[in-house]
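Got a minute to walk through this one with me? I'm new to it, so let's take it question by question.

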Amino acid sequence: MLAQGGPWALSVISLVLLLWQEVSAIDVPLDSKIQQDLKQPPTIMKQSLKDYIVDPRDNIIIECEAKGNPVPTFSWRRNGKFFNVGKDPRVTMRKRSGTLEISFRSGGRPEDYEGEYQCFASNIFGTALTNKILLRVSKSPLWPKEVLEPVVVGEGSPLVLACNPPPGLPPPLTFWMDSAMMPITQDKRVSMGLNGDLYFSNVLAKDSHTDYSCNARFLFTHTIQQKNPFTLKVQTKEPYNDTSSVNSTDPYGGRKVAETTPNFLSPTGTDSSRMVMRGEKLKLECIASGVPTPSIKWFKKGGDLNQKVKLDNFNKTLRIDSVSEEDAGEYMCMANNQIGSIRHSIYVQVKAAPYWLDQPSNLVLAPDENGRLVCRANGNPKPHIQWLVNGGPIDSNSTLPNPSRTVAGDTIMFRSVQIGSSAVYQCNASNDHGYLLANAFISILDMAPRMLGPKNQLIKVIENNRTFLDCPYFGSPLPELRWFKNGQGSGLDGGHYRVYINGTLEIKRARAEDQGTYTCVANNILGTEENQVRLEVKEPTRIVRAPEHQSAIRGTMARFDCRVKSDLTLPITVTWLKDDKPLSLGSRLKKDEDSLSIHNVHEGDEGTYTCTVKTEIDQDTASARLTVSEDASLSSVLPTDRPDSPMDLELSDAKERNIRLTWIHGDDHNSPVTLFVVQFEEDRWESGKWQNLSSYPGDVNTVILELSPFVNYQFRVIAVNSVGQSLPSLPSQRYQTSGAPPDAIPRGLKGWGTKKNNMEISWEPLLDTERNGPNLHYSVWWRRKDTGEEWSNVTTVGAKHIVHDTETYVPYEIKLRAVNDFGLGGESNIIIGYSGEDKPTAPPTDLRVSKIDSTKVNVHWTPVDPSTVLGEFKEYRVYYWREGSMVKGLRVNKEKKTKGFYSTVAQPTGILTDLQPYSHYRIYMVVANNRYEGPPSNHVEFRTKEGVPEAPKFFKIIQRSTDVIHLEWDKPLEPNGILIGYKLNYQTVNGSRVGLMQMQSFLPNVTTYTLHLPERAIRYKFYLAALTQVGAGEVYAEESPHFTNEAYSKDQVDIATQGWFIGLMCAIALIILILLIVCFIKRSRGGKYPVREKKDLPLDAVDQKGEDGSFDYQSH
């Protein structure tokens, strides 16, 4: 397009760019009401891959998801022509979606639907497009039937066993196995080539086998097909004895085999060439024959092999996982043995499909604002950039006359946009090797001001605290916001108030007079909106009489004070803790309004007691320790108590900065005073508040007090012994020190930007006792570092100053001093501050990956120019997520994760770890400063390699009889690859003794196994692991139950524990007891016991006592 206008067009474009003044795009908040009312063109949210291969056994689903307001409608093109979805009974489109589903339940061939598809999502504001999706059906043809004659070859000769797998889509993976499903052992002499063939550099007699089988694994259908096995017969000049003892350095067992010079089996000839795409994996192969087996070495013409180069397959394969332009050139492989050497040159050419440097992003503008869309891409050859609008060429689109739009190569500039200019623009970057397509809409938004926060909030704050009143708002054009108090006066900003760009009002130190109703008003050309915030300023909650350390005698009562002063309108809650744990109150521990009483104290009450006073907006705490001593009756120590207050305080020897204080000790009550605490109160800054000044040993009564200038002091003294503190003494007379310039230098000086064009200089204000005089203020100097410019200066009473209209993130020298009416204080050291940060303008480029493993990958990128960070460089931040698993049907968690890399080198690299094997990942990178992230880099997709699987989901051992063990298991939750089977190891166990390990292998569809026990008493321990091509996974171990012991206990029942036996024994015992009683009665009947054995005469009804003292019993 530029070529048509010649130099005149170039001059015009240069002038436009020179005079261009861009307004930053509007950031639309995520407020649900605004999003609901926001009218926007369509945005493609999800689409199928460009090269889309599907499984013929499943329904075909071609994804096309888009959002917009109004909701988009969808249409499709197939092979460049309109595709009428409604006329094909097999094709349906999902509701509120463009996703197509092609069903074959009622017949039909998936191959009939192969072709190129493109989805269009449209609403009244424009049309967005998907990529052109090439749909192909996966193919896994059967291996052609063939009869393979035995391969006969002489010992020492080279050999190639051809695999020639059937051509599949995508191509299958090949590997060689024997009849036991074990991989063919590969080494320096025997290895598989990149084409799947099995190469023997030289054949040994031990290679004679009948089961060399090539296997092809088709990823989409998850099938493995096996070629008919080769039979290899190796002819030797002498008989081969595989049991003979042979020197390991002579693989021919003493037989004479002719030595030969190396010769390349693959590739052939002296040179060859390869073309590879940037970002793809490059594999170069050199396999040579010869006796002895040749060694392979690799070189690159013009330099050494770089760190990206890896050598696999016993140095026969050179691999570069992610090729870049610098990897092009001439590579040489050399095969050599002791007989000779041979070389082969491979010329590598690197091309590149287009990749993003700057992908266009959506643009929301207000009427009369300016903006631009930028689309930059690179490739080899350099891509051609083409702009489209709503799916059609931008130059031929007569339905959208737009004089405010200018196309300049890879940039579209918009000036003074108007309602009705909304559209979706497509950038197509293409070359001979591929294309990129990106949608980016421009939406013209006009919206009256809206308040986003809650209405009529009530905010309660504590007096003298920093306070923020929020007023989030939005509108387009961006509204002007002002604050008012009680509906009167001009807008609040400056001095005691500060208004932030997000609408928040800061009150630097809330006072009682700040209480009231605050109104924030936002207005633009479309209207006005307001909201109110009610502010209530409360007195702080303080413990005015705190608990004091004390010692109590066991059995007496202890009392801790906790008197509180708080705002009368705020309910308070007083809680007590003992040793930081909640205190359980009861009959011994009682709490009243101002204290805690502990009756009948014992050793368990010893500890630290904390009083916590809370309101809904603040709290205060105080602690004291209780020490419990022995009962006075058991001790020779006299009763102790707190000391009396010191008395008769006297000031003398007054000087400018010190004075002598003298006092008389009070009674110590049998516990010596260990400490005197001197407190002071001044009536200028915090009248009535007593503060600790210093402490002194308990054996002194006169001290020199060091004082600050310009303070009107009075003093009091507190005595401390092992029981506790005395009451404070009566105050001394007042003493006022004279004023002086500030001694202290303000601490915490720093400079940091809160906006991209300012710098806030702040510091910690001096303490009241450091003022040294009236009218304290601060003198601040600043200047740009290393420019030689003059110092700028301002004097302020606050603790910060904002420097406006700065450049973004530039260093400043800053210094500070305090000043009062008596003069200048000391000057601080010069510190370095920085103006504000802005969003980084450039993304990292050429993001790529290498060394892709099963769980980690190396990440490389081209760093940004430090000047584009627009702030302090913090890190390069990688965003990555798992798109899916290559195991069909396995659902994955697509949670986005981040990892930061701090690197300032020219060729940075980092390692992403903890990846899931055999998965499809997507990543992109941004550069970050302390406040913002920059635009994203190009997205990179990669697939992790197969790994070993997790343990099987479950493993059960079921023993239903004495001679059979039945095993069941299920496939792992994360197979981490294509399962090729399971391996079961097991051995007998008998206490600490174990038997020989035995092994069974199973195909991947087998999940049960039955083991017949040779003997009833045998127990086994089983070790089960799933297999992928990489190897065995995590082992699931189980031990068979003690079945024999259980069977024995069932056969040999302990009869003493059986219910029927216990009942029988009880019945027998009862019968015996009855018989004994009957016998006893009969023996006693008709006679006197124990003297007379028999009495024939009948007895009277009343028992009579005989002469010998016995009794007669009447029997009825």
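What follows is a short chat about a predicted model.

Me: Let's start with serine 48. Is serine 48 buried or exposed?
Reply: Serine 48 has a relative accessible area of 7%. The cut-off for buried is under 20%. So serine 48 counts as buried.

Me: Which loop holds serine 48?
Reply: Two strands flank the place of serine 48: β1 covers 40-47 and β2 covers 51-54. That puts serine 48 in the loop between β1 and β2.

Me: Which backbone atom does the side chain of serine 48 reach?
Reply: Leaving out residues up to four places away in sequence, serine 48 touches Ile61, Ile62, Glu63 and Ile133. One of these also shows up in a polar pairing, at 2.8 Å from the side chain of serine 48. The atom in question is the backbone nitrogen of glutamate 63.

Me: On to glutamine 118. Is glutamine 118 buried or exposed?
Reply: Glutamine 118 is part of strand β9, which runs over residues 115-123. Its relative accessibility is 11%, and the cut-off for buried is under 20%. So glutamine 118 is buried.

Me: How far is a polar atom of the side chain of glutamine 118 from the backbone oxygen of threonine 130?
Reply: Setting aside neighbours within four places in sequence, glutamine 118 is in contact with several residues, including Trp76, Leu129, Thr130 and Leu437. For threonine 130, the backbone oxygen pairs with a polar side-chain atom of glutamine 118, and the distance is 2.9 Å.

Me: And how far apart are the C-alpha atoms of glutamine 118 and glutamine 40?
Reply: Along the chain, these two glutamines are 78 residues apart. In space, the C-alpha atoms of glutamine 118 and glutamine 40 are separated by 22 Å.

Me: Now the second largest pocket. Which elements give two or more residues to its lining?
Reply: The second largest pocket has a volume of about 620 Å³. Of its 23 lining residues, the closest to the centre are His222, Ile978, Leu979, Pro1004 and Asn1005. The elements that give two or more residues are β14 (173-177) and β18 (223-226).

Me: How many residues of that lining are nonpolar?
Reply: The lining of the second largest pocket includes 5 polar and 4 charged residues. The nonpolar ones number 14.

Me: Last one: what is the strand percentage of residues 745-838?
Reply: UniProt, in an unreviewed entry, places a "domain: Fibronectin type-III" feature at several spans, among them 745-838. The end C-alpha atoms of residues 745-838 lie 32 Å apart. This span is 0% helix, and its strand share is 53%.

Note on methods. Residues are numbered from 1 along each chain as its sequence is written. This is a predicted model: local features need pLDDT of at least 70, side-chain atom pairs count only at pLDDT 80 or more; totals for chains, interfaces and linings use all residues. Side-chain values use heavy atoms; hydrogens and water are left out. Helices (H or I, at least four residues) and strands (E, at least two) are DSSP runs, numbered from the N terminus. Buried means under 20% relative accessible area, exposed over 50%, partly exposed in between (1.4 Å probe, protein chains only). A polar contact is a pair of N or O atoms within 3.5 Å; within protein, one must be able to donate a hydrogen and the other to accept it, and residues adjacent in sequence count only if both atoms are side-chain atoms. Contact means heavy atoms within 4.5 Å. On a 1 Å grid over the protein atoms alone, a cavity is a set of points where a 1.4 Å probe fits but cannot get out, and a pocket is an open set with protein on both sides within 12 Å along at least five of seven lines; lining residues have an atom within 4 Å of a point. Grid points are joined across faces, edges and corners, and a volume is the space filled by probe spheres set on the points. Ala, Val, Leu, Ile, Met, Phe, Trp, Tyr, Cys and Pro count as nonpolar, Asp, Glu, Lys and Arg as charged, and the others, Gly among them, as polar. UniProt positions are given in the numbering used here, feature names are shortened, and annotations may be inferred rather than shown by experiment.
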